[in-house]
Amino acid sequence: MDTTLLGQVVIFLAAAVLLVPLFTRIGLGAVLGYLAAGVLIGPSLLAIIDDADAVLRFSQVGIALLLFVIGLELQPTRLRVMRRPVFLLGGLQVLLTGSVLALAAAALGLAALPAAVVGVSLALSSTPLVLQLLAERDELQTAHGRHGFALLLFQDLAAIPALAVLPLLAARGDMARPPGELALEAAWALGAVLALVLGGRWVLRPAFRLAASARSREIFTAAALLVVIGSALLMDASGLSMALGAFLAGVLLADSEYRHEIEADIEPFKGLLLGLFFMAVGMTADLGLLRDAPGAVIGLAAGLLALKALTIALAARLYGLPGRDATDLGVLLAQGGEFGFVLLTAAAAEGVLGAGLVDRLVLAIALSMAATPLLFAASVRWLRPRLAARRRRRFDVPEEHAPEVIIAGFGRFGQIVGRVLRGLRIPYTVLEVNPEQVDLVRRYGNTAYYGDASRLDVLRSAGAEQARILVLAMDDVEASVRTAKLVHRHFPGLRVFARARDRHHSHLLTNAGVTWVIRETLLSSLELTRGVLAALGLPADQAERAVVTFREQDAQALERQRAVFRDEQELIQSVQAAARELEALYEADDALPDPGEALPGDRNGGDARTDRQ
């Protein structure tokens with residue numbers, strides 16, 4: 001179908017806007033949404049856009065921008081902190097998975113070089129898909145979440161040299177050429193890399209400083225795009241990958257003071273052009289293969305998922321991770337990824353792999369990505385509980401002593417309480433239900449016991465019958481309320497001081513019999529408010545009075561709202577009435593300025609510390 005350039009732009013945008021949000025909402029991720037949009041408008045279905053190869057060539061700019069952003073994020077300090085899981089675990093996984101997949105490809109009849117390219121391409125997983133699944137379950141900070149991120153980071157890094165050497169492995173660059181010609185080409189490529197690195201170190205920062213001096217965001221964005229595309233074209237002209245040039249430019253700017261501004265300006269272009277690349281891959285996908293040989297394509301996808309899950313889990317176990325975390329990593333990262341599409345497409349363009357093979361592998365990767373959310377959900381529901389039950393760590397038995405205080409929950413809140421008690425040499429016992437947190441606290445020289453404070457036997461062993469105070473600092477709202485009820489019933493002499501996440505949690509704790517409850521953000525937000533009022537020019541005593549008035553009125557409103565907090569309409573009316581009551585209190589207080597009255601002092605803001613002295 002012949003369309004104008006603007007018409008094609010409208011078609012691409014419409015397909016993306018319709019399908020990407022749909023795929024994201026059902027949990028399949030944006031990458032599959034772009035692929036499906038490309039399939040829909042491409043030759044396999046509606047054939048609205050015919051020249052998929054031209055779109056694919058143009059969209060390579062999106063890959064260059066992606067690699068540039070990855071380079072920007074590779075700050076040396078960040079890599080030093082994560083060096084062990086990134087390079088040791090990541091290197092072990094890519095080597096093991098890539099080798100097994102390459103051997104499988106060779107067993108299916110591929111020659112050594114194509115099999116190696118297939119092995120490396122399929123060893124890489126989908127970064128956006130995996131991070132999205134972890135974020136949805138709030139598991140980014142878990143052990144398998146942190147190690148999964150490290151694996152994905154190494155895979156992104158591993159894709160760089162793979163893309164760089166593909167042109168050298170192309171059919172036109174075989175070893176039948178004279179050695180002198182090959183040496184000259186290698187020297188030219190090395191010279192281009194050195195020129196980019198050395199020139200970038202001396203030129204890039206002054207160039208961005210000059211662009212920033214124009215005080216024009218458009219000029220600064222143009223400078224960023226010039227650096228990315230210029231570096232990519234330099235590497236392409238030297239016979240290397242465009243992506244390598246963009247990546248090196250990003251690394252050179254990773255410690256620049258302009259890094260965040262550059263990343264923010266590049267992000268919209270990167271997202272759109274990367275989406276265009278995935279749409280182009282979808283356009284080139286041959287759905288006839290799935291129709292004509294569904295068993296072969298589905299078998300490839302299933303084999304990819306099985307081999308990757310096993311090898312990733314094995315690499316994690318060899319690294320030293322427990323079985324549950326290794327299993328989670330195996331299921332999470334078993335799919336193929338966006339860099340698999342990139343490498344396979346580049347290999348086909350360079351003649352290293354045949355177009356028919358690449359079409360089958362692209363379909364297999366897409367199917368593996370579509371299956372991952374379902375497989376991970378099934379693993380969380382059925383496999384993870386069985387592994388946890390089999391390898392559950394036993395609760396600790398606290399040493400024989402008589403603590404004055406028991407702290408249930410030793411996160412950011414409970415640790416502050418513990419530090420004060422320790423400084424005053426008041427004996428206390430810590431119970432923490434997260435074993436990773438217990439191990440972390442112990443590494444810093446503190447004493448903590450692995451135990452669930454919502455269990456009666458654990459509380460008894462911790463000395464609840466002798467202790468005077470229980471500090472409830474648990475993150476889990478349900479567990480903290482359950483613990484409060486348990487203590488109220490079995491240890492009536494144990495006073496409970498509780499931290500609440502919000503007003504709703506506060507109501508639940510109060511109804512459970514806790515008489516001393518504080519919301520975790522109350523004091524810090526009031527302290528900040530006091531500073532804001534002082535910086536606006538309000539005298540220190542008036543700022544203090546305004547805060548005290550709010551706190552007293554808020555405590556009274558909180559108590560009134562406890563009777564209706566389960567009825568949303570009644571609660572809304574109570575909150576609105578409390579807001580009007582606070583305004584009336586401020587208006588009636590002669591020691592405070594009238595609401596809306598201009599405050600004294602510098603309208604641009606003053607120094608809160610000076611105003612309060």
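Strand 1 (405-408) is covered on both of its faces in this predicted model. On one side sit V405 and I407, on the other I406 and A408, and all of them are buried. If you wonder how neighbours can end up on opposite sides, here is the usual picture: in a regular strand, side chains alternate between the two faces of the sheet.

Now zoom out from strand 1. In what order do the 6 strands of the sheet line up? The order is 3-2-1-4-5-6, the sheet is open, and the pairing is parallel. At the edges you find strand 3 (449-450) and strand 6, and each of these pairs on one side only. As a reminder of what pairing involves, strands of a sheet pair through backbone hydrogen bonds, either parallel or antiparallel.

Let's walk along part of that order. Strand 1 and strand 2 run parallel and are joined by 4 bridges. Look for I407 here, as it stands opposite V430 in strand 2. Strand 2 (residues 428-432) also runs parallel to strand 3, with 2 bridges joining them. In strand 3, Y450 is the residue that stands opposite E432.

What lies across these strands? Helix 19 (residues 412-423) lies across strand 1, strand 2, strand 4 (469-472), strand 5 and strand 6. Relative to strand 1, helix 19 runs at about 160 degrees. On an angle scale that goes from 0 to 180 degrees between N-to-C directions, that puts helix 19 and strand 1 pointing in roughly opposite directions.

Follow the chain on from helix 19 and you come to a loop that leads to strand 2, and R425 is found in that loop. R425 has a phi near 60 degrees, which is a positive value in a residue other than glycine. Is R425 buried or exposed? It counts as exposed, because its relative accessibility is 79% and the cut-off for exposed is over 50%.

Another arginine gives you the opposite case. R499 is found in strand 5, and R499 is buried, with a relative accessible area of just 2%. What does its side chain meet in there? One partner is D475, whose side chain makes a polar contact with the side chain of R499 at 2.9 Å. Another is A473: the backbone oxygen of A473 lies 2.9 Å from a polar atom of the R499 side chain. Leaving out residues up to four places away in sequence, R499 touches a whole list of residues, including R412, F413, L472, M474, H505, L509, I518 and E520.

Strand 5 also takes part in one of the structure's 3 aromatic pairs. Two of those pairs are set side by side here:

| Pair | Distance between ring centres | Angle between planes | Type |
|---|---|---|---|
| F87 and F154 | 6.3 Å | 90 degrees | edge-to-face |
| F497 and W516 | 5.2 Å | 35 degrees | tilted |

Why are the types not alike? Planes over 60 degrees apart count as edge-to-face, so the 90 degrees of F87 and F154 fits that label. Planes under 30 degrees apart would be stacked, so the 35 degrees of F497 and W516 makes that pair tilted.

Both pairs link distant parts of the chain. F87 is in helix 6 (residues 83-107) and F154 is in helix 9 (residues 143-169), 67 residues apart. F87 is partly exposed at 40% relative accessible area, whereas F154 is buried at 16%. In the other pair, F497 is in strand 5 (residues 495-500) and W516 is in strand 6 (residues 516-519), 19 residues apart. W516 is partly exposed, with a relative accessible area of 41%.

For one more stop among the helices, find T221 in helix 11 (residues 217-237). T221 is buried, with a relative accessible area of 12%. Not counting residues up to four places away in sequence, T221 touches D265 and F269. From T221 to A211 you go 10 residues in sequence and 8.9 Å in space, C-alpha to C-alpha.

Finally, the whole chain. It has 27 helices and 6 strands, and 47% of its 613 residues count as buried. Among contacts between residues at least 6 apart in sequence, 75% join residues at least 24 apart. The chain exposes about 31,300 Å², and carbon and sulfur atoms supply 61% of that area.

Definitions and conventions. Residues numbered from 1 in each chain as written. Predicted model: local features only at pLDDT ≥ 70, side-chain atom pairs only at ≥ 80, totals over all residues. Heavy atoms only, no water. Phe/Tyr/Trp six-rings, centres within 6.5 Å; stacked < 30°, edge-to-face > 60°. Buried < 20%, exposed > 50% of the residue type's maximum accessible area, 1.4 Å probe, protein only. Pairing = 2+ DSSP bridges. Contact = heavy atoms within 4.5 Å. Areas by Shrake-Rupley, 256 points an atom, 1.4 Å probe, with all protein chains shown as cover. Polar contact = N/O pair within 3.5 Å; in protein donor to acceptor, adjacent residues only side chain to side chain.
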